[in-house]
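Please explain how this structure is put together, for someone who has not looked at it before. Go through its strands, its sheets, its helices and its aromatic rings in connected paragraphs.

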Amino acid sequence: MPPVPHRISVRGHPGSSLRDIEREPDWGAGHQHRVGFLNAQGRKAGLTHDGDYADEHDKPGDRDFEAWKDRAKHGNLVNFRDVIQGEKDLHLQHPENRSLGWRYVLQCSEDWIKNTEEWPANIKKWKQQEEAAQKEAEQKTDDQDDVPQEHEWKRQQGENKHHDAYGASSEDSSKAEDAPKEGKTQYEELREKYSPQEIALLRSLQNEKAIIEHLKQNDRRRISPMKDHNMTTMSIDEADQFSPDNWIPRSSDLIRLTGKHPLNGEPHLKHLYDAGLVTPNELHYVRNHGAVPRLMWEFHKLEVEGGRLILSMDDLKNKFDAVNIQVALACDGNRRKELNMMKRSKGFNWGSGAVSCAFWKGPLLRDVLLAAGVPERMHQGTAHEAQRHWVNFEGADEPSEGKYATSIPFQYAMDPTNDVILAYEMNDVPLPPDHGYPVRLIIPGYVGGRCVKWLKKIWISDKENDSYYHIWDNRVLPSFVTEKDGEFAEVLFRHPDTACNEQNLNSVIARPAHGEQVVLTDARKGKTYRIEGYAYDGGGHEVQRVEVSLDGGETWLYCIRRFPKYPIRHGNKFWTWVHWHIDVEIAHLIRAEGITVRCFNVFKNTQPQQASWNVMGMMNNCWYVVRPEIVTDSDSGIPSLMFRHPTEPGTADGGWMKPSTENQIAAAKQEAGTPQKQFTREEIEKHDKEDDCWLVVDGKVYDATSVLKWHPGGKAAIVGHAGKVHQETSDEFANIHDGYAYEQLRKCVLGVVTDKAKNFIKQNAEAAAKEAAKSPKGDDKITLQKHRWVPVKLKDRKSISEDTRTYTFSIPDGKTLLGLGTCQHVQVGFHLVDRMLVRSYTPTRPLLPPAKNDKKGPTEEQDQNRNGRSAAAAQRDGEGTFDLTIKTYFPDDTQPGGAMSNILDCMPIGEEIEIRGPTGDIVYNGNGTFVVEGKQMTFKKVNLVLGGSGITPGYALIARVLLSAGDKTELRVVDANKAEGDILLHEALDEFEKDHGEQLKVTHVLSHPSEKWKGKKGFVNVDILKQALFAPGEDTVVFLCGPPIMIQKAVLPALEDWGFMEEKNVFGF
């Protein structure tokens, strides 16, 4: 592999001051909810967003976007209104060509409009940055001219590559046992020779034999049983919101193995197996090398042989006969984590769920090549007939190392019995984006890495493909090669015989599932237990036998196989997997030292007993072993047999395999030599941008800014963790990276987190684990989901002033409730090419809980008694709609305006946005009772200090108190704005104050009022606060929401001097 210039530079930082360290809150003992700090949803509590701006971004790409950029180059600055008003979208016009859950995406990035165009504000900022960079460069010396490659670094660490006895051979000692004898005698005669258990096995064998003899062929036109049972998940995972994949709905059942982006995930093994012999689309494993390209059916073209044939998607679908067959697809990294426990490979931790079996539909590749004029045999009858050729494939995606391309032998592709397909449907619906929409290559019997997604180009060559991903991925090298650089790696990665093509023989135990328990008392009752799993082979070969051992391989039990319907192609090709099972007495299971499975193919070859480590962690197919242990229920005292699989996918560590001594030594080395400068949580959270990117990994603080330029996984994977003080970064880094990566990370180290910050990480990790362990049954009438984005449709837009609009959205069909607590927020998302644009808002309707729910609010009769039916009933949740009142920050000659507010102001009625929630750690339950971060508190007097758009959570609280019968809570409000026209909900507040003058008093403060203004003028200060608010007391609280400068520089210090105390009676919405 060409040397990668891993240039690393770290900006000097003295660490947090002793005063800051001493003043840091005790996060473990008190509330973690603090004004100005990131809450669990990544929002700074008590602060409104600053100027409608966001910071994280990635590389955009689209032809329309390029046109906007070209316009900007000629001096015509582009704002958000220009882009959305000029946008064309076909997803509503042609839904039949879209995958399920297709989303509208605005083809631009917020970063380009706000930070890249030559707005006067940007020119000034760039000049300041250039001056600062020049000053820093003068003070810096470059001591990295001699950066060692990985193979050199490993030699420096004393790692040997070649055994002294290299050249000796070894023999395979695994031996297959004879299959049980068959017979067809009567039961009474059999009983003289066999036990009842043996007779049951015999009957099962006879039944299996009859089934296999009558297996039918797939005539290429079968229909998937999953056609009407595909993806039910239309929501979008919060993990994707700040990535280019923000528009793709994905199943929550997929275990993410490489962090938030790109998506590489496998389903829970039990769920995969329980789904049956045909895998639903949402449970199919996903392997992505980068962002999913957003391709349109109407515009996508497939180029064959350099343009000799160019096919539209309609051409591909209508001009060729389609094949629809079931194919088992497996990543060649399936079960890699078992190898990584022995020694870290270059791959991430796949468990045993990186295999699926779905229907794929499309024309044969050979038919398309023939239509392009490619002969069935190259150079037939000429002197070059013996020359070998390959068919090359290239996708439309753009991962970090260039285009994803690969090749297969030409004759293999042209053989009609190999069923090489250009698939445009999966389980009889358009391909999901993660699986190659609108068209991908499917090579039955091959590893998934050869089945190129988002297919764009096909061509013939007289040599193998030499692209990065064909050479440096999907390979099995000898175990003495431990890195991807150096002479040995260069030769062997390019060696034709190291490439993974046909899949290898493999089998896995799915039941007992990891962590499953069997009560020991069942053994005395003579009960049996069914052990189950899956098995597959490559090359179209049938899995002919599956066996299980309960004694470590001394003896083997025959398992019954179960095939999909119509599994055979061309008389003898099996492209599918099989499921298998065996029933054993629990008494025997209790005595078992483990459960081991192996299988055999048509050549009578079987799996090896031991794993064979290789640098890429590919093609692991050793015996799969599940181990039991005795556990006792803490409540009942009843003992059970609990089962552990060898590993769990990703970062989970519950498997019976433990890190090898070599891995433990490597981990100890990583701990050594860390500077002891300490950093508080507050300091770390400041460094959350692409040009100032700090990470926290294993309690250490790193400046990763310079790494973004060359990081193999792209910068989006890192920026998503910038400034985050949580365990997730450490887990994801450990899951993906090897020792060399840790060595590069070590060069970025700044110091360590404080003990209080370390405790904060620990407390949050434990809380997250508890939340993940819960499986609450959500109300199917509620729209909001805490960790997933749900689409809602713009129903109406009303102007309430020159720059303020009220937007009405309808929630999805089948839902009636929004499901938001008083004082909480919804996050609103809009899809851009590089990330989801996200803002937090508090709805201005509904403001009251459902009337008929006794647990959540007053009854309809109480509403009528207190306010008259219309006043309260109009604000009750349950109408199937909600309102957002938002000020529009229009563009001018110096800046492009607010992103979200201008998009909402211009988007067509009927278009969709995304919502997620509830967010916020404060909930008002009525009669002065609040729940703050799970702790109940009661206050009779409530102060609200609000600024700008921060009025909306306060307004929600005011409405809840004043519209609820019997709520005597007193309210005092300071609302700060620039001018009269900036006061949101002014009339509504005046109306409330008029009707409830003794209970509510509002003080407006304007910094730039007109001459007619008679209220408070200037900025919020201690005198205004003391005049307008309740004084500190046991039953008094202050809630804050406003611009950062106002809240942090003026309000918090004034409240603290007055006697209020954060965490006790001062909180931020």
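Ile 255 stands opposite Glu 266 in β3, where strand β2 (residues 254-256) and β3 pair in the antiparallel sense over 3 bridges; two strands are said to pair if DSSP finds at least two bridges between them, and the strands themselves (E, at least two residues), like the helices (H or I, at least four), are DSSP runs numbered from the N terminus. On its other pairing, β3 meets strand β4 (residues 286-287), again in the antiparallel sense, over 2 bridges, with Gly 265 standing opposite Val 286 in β4. In a regular strand the side chains alternate between the two faces of the sheet. Strand β3 (residues 264-267) is covered on both faces, since Asn 264 and Glu 266 on one side and Gly 265 and Pro 267 on the other are all buried, where buried means under 20% relative accessible area, exposed over 50% and partly exposed in between, with a 1.4 Å probe and protein chains only.

This is a predicted model, in which local features need pLDDT of at least 70 and side-chain atom pairs count only at pLDDT 80 or more, while totals for chains, interfaces and linings use all residues. Residues are numbered from 1 along each chain as its sequence is written, and side-chain values use heavy atoms, with hydrogens and water left out.

Seen as a whole, the protein has 29 helices and 47 strands, and 56% of its 1069 residues count as buried. Among the contacts (heavy atoms within 4.5 Å) with a separation of 6 or more, 75% are made by residues 24 or more positions apart.

A second place to look is an open sheet of 4 strands, which has the order β16-β18-β24-β21 and antiparallel pairing. Its edges are formed by β16 (506-511) and β21, each with a single partner strand, so one side of each is left without a neighbour in the sheet. From one strand to the next the twist averages 30°, with axes taken as lines fitted to C-alpha atoms, for helices over the stretch in contact, and angles running from 0 to 180 degrees between N-to-C directions. Within this sheet, β16 and strand β18 (residues 528-536) pair in the antiparallel sense over 5 bridges, and Ser 507 stands opposite Ala 535 in β18. Helix α8 packs on the sheet, where it touches β21 and β24 (578-585), and its direction makes about 30° with that of β21.

The helix itself deserves a closer look. At 1.5 Å a residue, the 18 residues of α8 (residues 196-213) should span 26 Å, and this agrees with its end C-alpha atoms, which are 26 Å apart; the expected span is 1.5 Å times one less than the number of residues. Its buried residues are Ile 199, Leu 202, Leu 205 and Glu 208, and these pack against α7 (187-193), β20 (557-558) and β21 (560-562).

Another open sheet has 3 strands in the order β39-β40-β41, with antiparallel pairing. The edge strands β39 (922-926) and β41 (935-938) each pair on one side only, and neighbouring strands of this sheet are turned by 25° against each other on average, direction ignored. Strand β40 (residues 929-932) and β41 run antiparallel and are joined by 4 bridges, with Thr 929 standing opposite Thr 938 in β41. Helix α26 (residues 951-963) packs on this sheet, touching β39 and β40, and its direction makes about 10° with that of β39.

The aromatic rings complete the tour. A search of the whole structure finds 25 aromatic pairs, which are rings of Phe, Tyr and Trp (its six-membered ring) with centres within 6.5 Å, counted as stacked when the planes are under 30 degrees apart, edge-to-face when over 60 and tilted otherwise. The rings of Tyr 104 and Phe 830 have centres 5.9 Å apart and planes at 70°, so this pair is edge-to-face. Because Tyr 104 lies in the loop between α3 (80-85) and α4 (110-116) and Phe 830 in strand β35 (residues 825-831), the pair ties together parts that are 726 residues apart in sequence, and both Tyr 104 and Phe 830 are buried. The rings of Trp 472 and Phe 493, with centres 4.8 Å apart and planes at 35°, form a tilted pair. Trp 472 counts as buried at 3% relative accessibility, and Phe 493 is buried with a relative accessible area of 0%.
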